[in-house]
Structure formats: C-alpha cells, structure tokens
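Got your viewer open? Let's walk through this structure together, one selection at a time.

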Amino acid sequence: MEAEQIIAEAQDGVLTITLNRPERMNAWTETMARELIEAFDRADADDEIRAVIVTGAGRAFCAGADLERGGETFDWRAREGAPAVPRDNGGQLTLRIFKSTKPVIAAINGPAVGVGITMTLPMDIRLAAEDAKFGFVFARRGIVPEAASSWFLPRVVGISQAMEWVITGRVFSAQEALQGRLVRSLHPKDEVLEAARSIAREIADNTAPVSVALARQLMWRMLGAPHPMAAHQADSRAMFVRGQSADVVEGVTSFLEKRPAKFTDKVSEGLPEVFPGWEEPAFQ
C-alpha cells in the first residue's frame, strides 16, 4: 500500500526516505511513525539496500509533533482503546532504527524540533543545512524528552551538553549543533541531500553488507556494556565467524589484486550470533 506521509525511493543501493507533509513542516503523526517503521522493516529485508537516508520535503526536516489537537495533543486518556500506559511512538521508531542492519544517515534540510530531532539520534550520521534550527523543546511544552532520547542524546553529545539543551528547551542554530557534535557537518540547504548521498555511496560501493551490519550493532550495543570485556567477547566471536566467510576471502584477494571487491554474503540470510544472552527488554 502506498504511504501517505513519507516517500521511499531506492536508487543504486541507497534508500531515501522523505518525510512528506511539507504543508505542515513535516509535523509528526501516528501515521508517519507507522510508515517509517514499515520502511525500515522493508529496508532490512532487501539485500539490495545498502544504506538509508532520511530527509524532509520542503523547507523543514520535521517541526515536531503535529499540535492540531491543541492542549490534548499529548493526552491519551480520551483516545479510544488506549492502553493504561501507551508506548511513545517516537521511541518505537528509534528502537527500530537502533536494530537496523543498514547504516542510516540523516540529511537535515531545515528545522528539526522535538521528535524532529530525537528521531535522528539513533541514526549513524547527521548532516544539516547551514540555516537549520534545532530544539529539544519538551520542557517548554510541559512534557519530557521522548523517543528514548534520554539514552541516546547523552551518548551522542555528552551529558552536560545534553542537559543544557534539554533543561533550557531553547531553539538553537546549526552552528551550535555542529559545535556540540550533534551534527557531522553543515552544508548549503540545496547540497545537504547530495552530501548524504556521497557518504551512502562510499558505503554501498566499498563495504561488505554483513560486516557493516555487525559493526553497527557492535558499536550501538556496546554503548550500554558494563565493561570492555563485553566488546572483546563479541569482537572475538564476530572475527572468528567472519574470518571463515566468502567475504573475507574476497576482501583480502581484491586488495592484493588492486581491484574493487564484490561481496556476496547477504544480511537477509541472518547475522551470526555474537551477542549471546542479549535481547531487547519487553515494554512494561
């Protein structure tokens, strides 16, 4: 079924997902959340997709939650069939991105506020337009940081910077976002997407998909590990399994023969178990 609020286009191994409510500055809705999760499900199932880019249509990336309901926007009590404690759909998306087997790049082409910025935190690389604005504005709306951002944001920028942005709730410039290490680089507005595509192409053209998927999970999961021994154990298992793969033969041979590698192992065939005992906790 065709999506209503996003556009997903694949080209040469790169999937570009565009938030597509430009008349509302791509404001977040339950429909958008569901369609984004479905798009990431399809990307993981498709071995032709090597990287994912997320951007926005029009002048904004995402202006945050759609406030059309006014003061009832965040009040679930009046919604028919709502559970006692409903799951935050921003967090459902960020947890889905956390599990992604494909690297994810945010091409932030304009304002990214509230869930518009927290949704990008589990993405691997963030690029922004020079005139983009950012804001973790929750305290100014009487709510709290969502989308599991209390876990992601301090790990991305450090606890002191995260706290300053969250407890002031101010909207800040792209330059401040760069200085605070929230974004990798700034670009003219009409060049942000192309810069993201350049990085995606470097991944798609040169790396082994299974190795990228494992490396991504190693990096993100180890952010919560209690000791580097956990990383050593996972690294050792991954090196042992990948050392026997067709990809490693091709990777070394192509290097010695000075030619591009053609990796054949597929993510869809399953990743080796290098994190025994690790599982996502249930929502309670």
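**Stop 1: a buried arginine and its partner**

Begin by selecting R216, which is buried, with a relative accessible area of 5%. Keep in mind as you look around that this is a predicted model. Now add D124 to the selection: D124 and R216 form a salt bridge, and their closest N and O atoms are 2.8 Å apart. Where do the two partners sit in the chain? D124 is in the loop between α3 (115–118) and β6 (125–129), while R216 belongs to helix α8 (residues 209–222), so you are looking at a link between distant parts of the chain, 92 residues apart. Unlike its buried partner, D124 is partly exposed, at a relative accessible area of 29%.

**Stop 2: more salt bridges**

Side chains of opposite charge can pair when their charged atoms come close. How many salt bridges does a search of the whole structure find? The search finds 13.

Select K99 and E280 next. These two form a salt bridge as well, with 3.9 Å between the closest N and O atoms. This pair also links distant parts of the chain: K99 is in the loop between α2 and β4 (104–108), E280 is in the segment after α10 (246–256), and they are 181 residues apart. K99 counts as partly exposed at 41% relative accessibility, and E280 counts as partly exposed at 37%.

For a local example, move to helix α1 (residues 30–45) and pick R34 and E38. Their side chains meet in a salt bridge (3.7 Å, N to O). The two residues are 4 apart in the helix, so about one helical turn separates them. Both ends are partly exposed: R34 has a relative accessible area of 40% and E38 one of 34%.

Before leaving the charges, select D41, D44 and R96 together; a network of salt bridges links these three.

**Stop 3: the aromatic rings**

Time to show the rings. Across the whole structure, a search finds 10 aromatic pairs. Zoom in on F98 and W151: is their pair stacked or edge-to-face? The ring centres are 5.9 Å apart and the planes meet at 85°, so the pair is edge-to-face; the cut-off for that class is an angle over 60 degrees. F98 lies in helix α2 (residues 89–98) and W151 in helix α4 (residues 149–157), so their contact ties together parts that are 53 residues apart in sequence.

Try a surface view here. F98 is buried, at 9% relative accessible area, whereas W151 is partly exposed, at 28%. Then widen the selection to F98, W151, F152, W220 and W278, which form one aromatic cluster.

**Stop 4: an arginine over two rings**

Keep W278 on screen and add R221 and F275. R221 lies over the face of W278, at 3.8 Å from the ring centre. R221 also lies over the face of F275, where it is 4.4 Å from the ring centre.

**Stop 5: a nonpolar patch outside**

Finish on the surface by selecting V248, V249, V252, F255 and L256. Together they form a nonpolar patch with about 500 Å² of accessible area. Highlight F255, which is found in helix α10. Is F255 buried or exposed? At 64% relative accessibility, F255 counts as exposed.

Note on methods:
Residues are numbered from 1 along each chain as its sequence is written. This is a predicted model: local features need pLDDT of at least 70, side-chain atom pairs count only at pLDDT 80 or more; totals for chains, interfaces and linings use all residues. Side-chain values use heavy atoms; hydrogens and water are left out. Rings of Phe, Tyr and Trp (its six-membered ring) pair if their centres lie within 6.5 Å; planes under 30 degrees apart count as stacked, over 60 as edge-to-face and the rest as tilted. Buried means under 20% relative accessible area, exposed over 50%, partly exposed in between (1.4 Å probe, protein chains only). A charge sits over a ring if NZ of Lys or CZ of Arg is within 6 Å of the ring centre and within 35 degrees of the ring normal. A salt bridge is a side-chain nitrogen of Lys or Arg within 4 Å of a carboxyl oxygen of Asp or Glu. Patches are made of residues with over 30% relative accessible area and no salt bridge: like charges are joined within 9 Å, nonpolar side chains (Val, Leu, Ile, Met, Phe, Trp, Tyr) within 5 Å. Accessible areas come from the Shrake-Rupley method with a 1.4 Å probe; for residues, only the protein chains shown count as cover.
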